[in-house]
Amino acid sequence: MELEQFIAVCECAGVRDVITVTADVDMGNGEGLCMARISVAVAAKESARKSERVKHKLRQNAEMGLPGGEANRPFGFEPDKLTIHEWER
C-alpha cells in the first residue's frame, strides 16, 4: 500500500529515478514499477516468515520454561535471565 502511495507521489512530482540501498528503480516505465512491486512483495514475505520463526522460538522457550528473547536483562536478574542478582533484589 505504501509503495503505491509512493508511486503516486513520484508521478505527481515528476520523479522517475529512485535510488535505494539495494537498487536503482526507474519509476518512469512499467518494467521498473513491476520490479519495485516484486521487491516489496518479496520483502513482505520475508518479514512475515521471520515473524513466524521468532514467535515459534519464543513459544518454544516459554513451553520449556526458558526466559523470553528480550535484548536487555530483566531487573533483578543476571544476564542469563535466570540467576537472581542479589543487589537488585
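**Note on a surface patch, the cysteines and helix α2**

1. On the surface, M35, I38 and V42 together make up a nonpolar patch, whose combined accessible area is about 270 Å². The reader should bear in mind that this is a predicted model.

2. One member of the patch, M35, belongs to helix α2. The relative accessible area of M35 is 47%, and the residue is therefore classed as partly exposed.

3. Helix α2 spans residues 30–63 and also holds V40. With a relative accessibility of 41%, V40 is likewise counted as partly exposed. V40 has a distant partner in sequence: L3 is 37 residues away along the chain, yet the two C-alpha atoms are 7.7 Å apart in space.

4. The whole structure was searched for disulfides, and zero were found. For C10, the nearest cysteine sulfur belongs to C12 and lies 9.5 Å away, so C10 is in no disulfide, given that a pair of sulfur atoms must be within 2.5 Å to count. C34 is in no disulfide either; the nearest cysteine sulfur to that of C34 is the one of C10, at 17 Å.

5. The surroundings of these two cysteines may be set side by side. C10 has a relative accessible area of 5% and is therefore buried, the limit for that class being under 20%. C34, with a relative accessible area of 38%, is partly exposed.

Terms used. Residues are numbered from 1 along each chain as its sequence is written. This is a predicted model: local features need pLDDT of at least 70, side-chain atom pairs count only at pLDDT 80 or more; totals for chains, interfaces and linings use all residues. Side-chain values use heavy atoms; hydrogens and water are left out. Buried means under 20% relative accessible area, exposed over 50%, partly exposed in between (1.4 Å probe, protein chains only). Helices (H or I, at least four residues) and strands (E, at least two) are DSSP runs, numbered from the N terminus. Patches are made of residues with over 30% relative accessible area and no salt bridge: like charges are joined within 9 Å, nonpolar side chains (Val, Leu, Ile, Met, Phe, Trp, Tyr) within 5 Å. Accessible areas come from the Shrake-Rupley method with a 1.4 Å probe; for residues, only the protein chains shown count as cover. A salt bridge is a side-chain nitrogen of Lys or Arg within 4 Å of a carboxyl oxygen of Asp or Glu.
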